[in-house]
Amino acid sequence: MIRALVTKDITLFFRNQFFAIVSVLGLVAYAAVYFLMPKTVDDTLTIGIYPPEIPAVFLEETADSGIVFVPKDSEEALRAGMSAQDNEYNVAFLFPEGWVRTLALSHALDQDVTILFTSDFPDELKEAYVVILEELSYTLSGQTINISATEEVVGQDLAGDPLAARERMVPLLAMIVLMVETMGLASLIASEVEEHTLQAVLTTPVRIGHLFLSKGITGVTLAFVQSALLVAVIGGLRQAPLLILAALLLGSILVTAVAFLIGSSSKDLLSVMAWAVPVLIVLAIPTFGIVFPGATTVWTRIIPTYYLVDTLHKVVNFGAGWADVWQNLLILLGFSAGFTALGILALRRKYR
Amino acid sequence: MNLKRIITLFWRDFRQGARGFLFIFSIVTPIVVSLILSLVFGTIFSGKPRLGIVDEGGSELARRAHALSSVIVKDYDSKQALIDAAGRGAIDVGMLLPATFDQDVRANTETEIVVYVWGESLVKDRAIIVTVISRTLRAMLGQAVPINIVTETVGTAESIPWQERLLPLVVLLAVFVGGFLVPATSLVEERQRRTLTAVSTTPATLGEVFAAKGLLGVLLSTLTGLIILAMNSAFGTRPALLLLTLVLAAAMATLIGLILGAVNKDINALFATVKSMGILLYAPAILYMFPNIPKWIGYLFPTYYAISPIIAISRDNAVLADVALELGVLLALIAVLIGVLALLSNRLKLREL
């Protein structure tokens, strides 16, 4: 009986042209967005330099700290490195001949040093390169400062192996799939309530509990299968697949419960959107904190989806295991159970 | 066409629509998108490293750091707040300056400070912050810069900030979301509720119904477009020409909306169509984001002739002669859309009556 109801619901879901198109095209589009984004991050400042007089030891030292000097044999070669064809660097330092020796001996240069910027280089970033050049000249002229810094890294140190923007997108893409499914299921429930087809079904041996179960299975299946499929396609299941799938399953239960609540308060697609848009924006907020680090603060932890996206982020991008995220999953389970109870209550009232 | 009936129908649509979700959505969405883009590309995507400071003794270093344009400097009240900020990526590096910091630096005594580094921060951002702090300390100590620096620009490529590149998308959103969604949904809803059939029993014609809905769409679309241009300080030097272009773009959006409303049977089908053709509508705006893509590709999309003159007038201070050709094509497209709508109107009339 429940299988028949689930089959009916899934058929009805895909009969809605809007959600059918959004679901199928969406999966392809989200995967395309992911694969079109760069998979690496330019983590260094690359600067052309002529004449090539900086000592090799110093070059190695600066390269370790993220500033890579590319020595060139002539001014022409230095400028060629900035051309659209070569595109080796956007900034170059042009020194007078014998500048390192002069700095070391007389602690100052009497000739100008030129910083070359490509014309499309952002103005707001130029000051940093002026400061780098000044600091380079201080160091090579032997001027020191008597301050040392003790560095404490907060969180996992990804120096030299930073996360690409697309890796940060994984929780967001999974959330988008879940959110679209929320709207689809809410729309399905709203239309069934409004068209009184549910009352018709209840005149058969089907009990109201069967209805909730079938709707729940439909919602969770649609949300879970699509989000898991997307995460698998973009390579998110490479690490701890069971853990990721468990998190997505709990997230699917959560959004299905939210869909129950929205569906019970709406009467058509437009009113579903009117309710769903603000609710889903709130649910999506925790993903912004991952895509744009620092954009959100600790208050986002009151939003249930925080525990889903945080788990996905930690597992996919930092290789976290069950021991690291079990608390997240437990809280997510609690939220999912709470929202499911609320959703069933709301639907039960609507059916009466 | 009876103007009085059109105005009556317009007011009816306006009163019903103004309380509706889509009406508010079409005004609020572009505004929210514009605000988010300003936030995202103004600070988060500025490319500048972020330095956090806890200044326990009113240090000159903190004051000087705030004057730097190469880093974003944020103040924190406590060590814990600084560590929290570094933990969630609000800053790349956090620095705790003790109360005696300036005294120690000036006395040239061995001074040690603790810096908190966000683990996910880029190495180059850490390098810039360390360099900037070091340079600022040298300035505090009065160390003279041993070189004189001049700058030179190489090449002719133009640097277009991302906020500017995204303006066409936000303007298109503003003009098209309100311009076509409101008339299209209003028409589809009327067909679903059979109120269009009811109206057709009155002296009002289907053309007048379309005109009333079109007027509402054009007004809403123009208003939202103006709000977005005002928010982005992009009125240019020819406001009258800009307004005329916006009205024409709004007319195009509204006609597309009315055509979609006439061909789609229900809201679900309408939204499916809107979703499917989204890329065609917004493609010219996407091309603006990537100046390296050949400009001629934009000519293939009808909405190019709506957005291109708006951006030329608002951003590049273009005059009528500069955009005359594009406006001519836009007018021709509007004429074609009116023709298509007239044909559909006849078909719809036969079906509704």
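Select A:Leu94 and look across to E4(A): the residue opposite is A:Thr114. One position along, A:Phe93 stands opposite A:Ile115 in E4(A). These pairs belong to the ladder between strand E3 (residues 91–94) of chain A and E4(A), which is antiparallel and has 4 bridges. Before going further, please keep in mind that you are looking at a predicted model.

**Stop 1: follow the sheet out of chain A**

Keep E4(A) selected and add strand E5 (residues 148–154) of chain B. These two strands pair in the parallel sense, over 7 bridges. For a place to zoom in, pick A:Val113, which has B:Ile149 of E5(B) opposite. Then go to A:Thr118, whose bridge partner in E5(B) is B:Val154.

Now show the whole sheet. In which order do its strands run? The order is E2(A)-E1(A)-E3(A)-E4(A)-E5(B), an open sheet of 5 strands with mixed pairing. Its edges are strand E2 (67–71) of chain A and E5 of chain B, each pairing on one side only. If you turn the view along the sheet, look for the twist: neighbouring strands are turned by 25 degrees against each other on average, direction ignored. While the side chains are displayed, remember that in a regular strand they alternate between the two faces of the sheet.

Next, add H6(A) to the selection. This helix lies across E2, E3 and E4 of chain A together with E5 of chain B. Relative to E4(A), H6(A) runs at about 150 degrees.

**Stop 2: the sheet that ends in chain A**

Move to E5(A) and strand E4 (residues 111–118) of chain B. The pairing here is parallel and extends over 8 bridges. A:Ser148 is a good residue to centre on, with B:Glu112 of E4(B) opposite.

Extend the selection to get an open sheet of 5 strands, ordered E5(A)-E4(B)-E3(B)-E1(B)-E2(B), with mixed pairing. Which strands form the edges? They are E5 of chain A and strand E2 (72–75) of chain B, each with pairing on one side only. From one strand to the next, the twist averages 25 degrees.

Then bring in helix H4 (residues 79–87) of chain B. Helix H4 lies across E5 of chain A together with strand E1 (50–55), strand E3 (93–97) and E4 of chain B. Its direction is about 170 degrees to E3(B).

**Stop 3: where the chains touch**

Colour by chain and select the contact between A and B. Chain A contributes 71 residues and chain B 68 residues. On the chain A side, the elements that each supply at least two residues are helix H2 (17–36), strand E4 (112–118), helix H6 (126–140), strand E5 (147–154) and helix H11 (269–291). Which of them gives the most? That is H6(A), with 10 residues. Colouring this side of chain A by residue class gives 39 nonpolar, 20 polar and 12 charged residues.

**Stop 4: colour by domain**

In chain A, the domain assignment gives domain 1 as 2–38 + 162–351 and domain 2 as 45–140. Their C-alpha centres lie 52 Å apart. For chain B, domain 1 is 3–37 + 161–352 and domain 2 is 50–120. Here the C-alpha centres are separated by 50 Å.

**Stop 5: two helix pairs**

Go to helix H9 (residues 208–233) of chain A and helix H10 (residues 241–265) of chain A. Their axes come within 8 Å and cross at roughly 140 degrees, which makes H9(A) oblique to H10(A). The crossing is right-handed. To see the contact, show residues including A:Gly216, A:Gly219 and A:Ala223 on H9(A), and A:Leu245, A:Leu249 and A:Ser252 on H10(A). By class, this contact of H9(A) with H10(A) has 12 nonpolar, 5 polar and no charged residues.

Finish in chain B with helix H7 (residues 162–193) and helix H12 (residues 304–316). They pack at an angle of about 120 degrees, with axes 10 Å apart, and are therefore oblique to each other. H7(B) passes H12(B) in a right-handed crossing. Display B:Leu167, B:Pro168, B:Val171, B:Leu172 and B:Val175 from H7(B), which meet B:Ala306, B:Ile307, B:Ile310, B:Ile311 and B:Arg315 from H12(B). The contact of H7(B) with H12(B) consists of 9 nonpolar residues, no polar ones and 1 charged.

Note on methods: Residues are numbered from 1 along each chain as its sequence is written. Chains are lettered from A and ligands numbered from 1 in the order in which they are written. This is a predicted model: local features need pLDDT of at least 70, side-chain atom pairs count only at pLDDT 80 or more; totals for chains, interfaces and linings use all residues. Axes are lines fitted to C-alpha atoms, for helices over the stretch in contact, and angles run from 0 to 180 degrees between N-to-C directions. Angles under 35 degrees count as roughly parallel, over 145 as roughly antiparallel, 65 to 115 as roughly perpendicular and the rest as oblique. A crossing is left-handed if the near helix is turned anticlockwise from the far one by less than a right angle, and right-handed if clockwise. Two residues are in contact if their C-beta atoms, placed from the backbone, lie within 7 Å. Ala, Val, Leu, Ile, Met, Phe, Trp, Tyr, Cys and Pro count as nonpolar, Asp, Glu, Lys and Arg as charged, and the others, Gly among them, as polar. Two strands pair if DSSP finds at least two bridges between them. Domain bounds come from an automatic or database domain assignment.
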